[in-house]
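Please read these notes with the structure open beside you. They are numbered so that you can reply point by point.

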Amino acid sequence: MEAYKRWVRRNRDYVRQLSSLASGMTWLLPERFAASEIGPEAVSSILGMVTTVNDHIIETTPTSMHTSSAATSFLPLSLCLTLLRDLETLIEVVAEQLYGEDKKWNLIALTEAAKVCVRLAVLRTTGYKMLLQGGETENLEVPQENMGHLRKPIQNQGLGANHLQGLNSWNLEGRAMSALSSFGQNARMESEPTWLRRVQQQQAILEPPAKKIRNPSLSTFLSEKGIRGGLFVTGETMFVLRPLIYVLLVRKYGTRSWFPWFISLAVDLIGNSMLSATTMSQDSRKDQHFRFSKSEKDELKRRKLLWVLYLMRDPFFSKYTRRRLESTQKTVEPVPVVGFFAEKLIELLIGAQTRYTYMSGS
């Protein structure tokens, strides 16, 4: 296993390109969306899990691992989420084969409930930061209000080693000065050989001392962020719960009912409005430093793009989108080459729409 890990880390670019190619090829498997075919989905799920394991090996490279306990706790949760995503379509197909169209929603609901539990655990573990890619990507960026002290130059360059070790571990100048001070002290120790002092100097520069970072509890977070913090936590929780709410409503009312569709859209809109409200101009002194990082702003844009999937969910799809697709297909069908590719694309879209997990956006 260790030999395989070393091979994956040495060939990370090749492994990722191969994984992307294999994932794309699974869409061309025969009978990919046939109700009676489990094989293609099993192949797709296996390839997805292999890709997930390889990505986990690459991300846990010793030189790139984080020293905080939060990062250590995040990795298994992220891996669990990604594996659930890789298996959820296979679970849906197997459930449909074993229990039928109506009863399959029971297993889908259990899958979504498991994802909710893991995502809430990720939200708590990361100190109530925004979930990037649904919790599969760690939120490492420092909020803008916490960056001010990192830009301040060091005024006193005659500081001792003990004081330098107290500087923020992300301050490169502080780490370099601390390493030089430690090197100067080590140089006075005649009992240590030259090679050992050189190794200690390199370790001091490349591996800054681990600093325990305690993420705030929910009560601490709310007390620090005030009303805006409450809106943020509520918005993130609604984002996490939305897929489960939708599945439970479909399980009760069916896919032809508009009620699950509208409730799901309302939860998305309200949750996004709450998150947007946290960045509005604040009058309260307690709330004035609540800001989103660049990656969090990109995540909000990604979530808004997912609203396009409402066009592919029943009953909207059956009443409007499908008719438009079929009309477009008939229009371009006489056109050479274009008509052929349009037909295949529309066939893939209609086939993918039959799977909840492809259109869930969760």
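1. Start with Pro315. In this predicted model, Pro315 sits in the loop that runs between helix H10 (294-305) and helix H11 (316-332). The peptide bond leading into it, from Asp314 to Pro315, is cis. Its omega is near 5 degrees.

2. Next, the backbone at Val337. This residue is found in the loop between H11 and helix H12 (338-353). Its phi is near 65 degrees, a positive value in a residue other than glycine. Is Val337 buried or exposed? Val337 counts as exposed, because its relative accessibility of 56% is over the 50% cut-off.

3. Gln133 also has a positive phi, about 55 degrees, although it is not a glycine. The residue lies in the loop between helix H4 (69-125) and H5. Gln133 is partly exposed, since its relative accessible area of 40% falls between the limits of 20% and 50%.

4. Now the fold as a whole. The protein has 13 helices and zero strands. Read along the sequence, every element in the pattern is therefore α. Of the 362 residues, 36% are buried. The protein exposes about 21600 Å², and carbon and sulfur atoms supply 59% of that area. Take the contacts between residues at least 6 apart in sequence: 72% of them join residues at least 24 apart.

5. Confidence needs a check before you lean on any detail. The average pLDDT is 75, and 60% of the residues score at least 70. Where is confidence lowest, and where is it highest? The lowest mean, 45, belongs to helix H5 (residues 161-164), and the highest, 96, to H9. Residues 187-199 have a pLDDT below 50, and this stretch has seven contacts in the model beyond near neighbours in sequence. Residues 283-288 are also below 50. That stretch has 10 contacts beyond near neighbours in sequence.

6. The structure holds two cavities of 30 Å³ or more. The largest has a volume of about 190 Å³. Its lining consists of 17 residues. Which of them lie nearest its centre? They are Phe239, Arg242, Asp268, Arg303 and Trp307. The elements that give two or more residues to this lining are helix H8 (218-253) and helix H9 (258-277). By class, the lining has eight nonpolar, five polar and four charged residues.

7. The second largest cavity encloses about 30 Å³. Its lining includes Phe74, Val122 and Thr126. Lys129, Met130, Leu131 and Leu132 are also among the lining residues, as are Thr137, Glu138 and Asn139. By class, this lining has five nonpolar, three polar and two charged residues.

8. Last, look at Gly235 in helix H8. Gly235 is buried, because its relative accessible area of 1% is under the 20% cut-off. Which residues is Gly235 in contact with, leaving aside neighbours within four places in sequence? Its partners are Gly271, Met274 and Leu275. Ser273 is worth a look too. Gly235 and Ser273 are 38 residues apart in sequence, yet 7.8 Å apart in space, C-alpha to C-alpha.

Methods. Residues numbered from 1 in each chain as written. Predicted model: local features only at pLDDT ≥ 70, side-chain atom pairs only at ≥ 80, totals over all residues. Heavy atoms only, no water. 1 Å grid on protein atoms, 1.4 Å probe; cavity = no way out; pocket = protein on both sides within 12 Å on 5 of 7 lines; lining within 4 Å. Points joined across faces, edges and corners; volume = space filled by probe spheres on them. Helix = DSSP H or I, 4+ residues; strand = E, 2+ residues; numbered from the N terminus. Nonpolar A, V, L, I, M, F, W, Y, C, P; charged D, E, K, R; others polar. Buried < 20%, exposed > 50% of the residue type's maximum accessible area, 1.4 Å probe, protein only. Contact = heavy atoms within 4.5 Å. pLDDT = per-residue confidence, 0-100. Areas by Shrake-Rupley, 256 points an atom, 1.4 Å probe, with all protein chains shown as cover.
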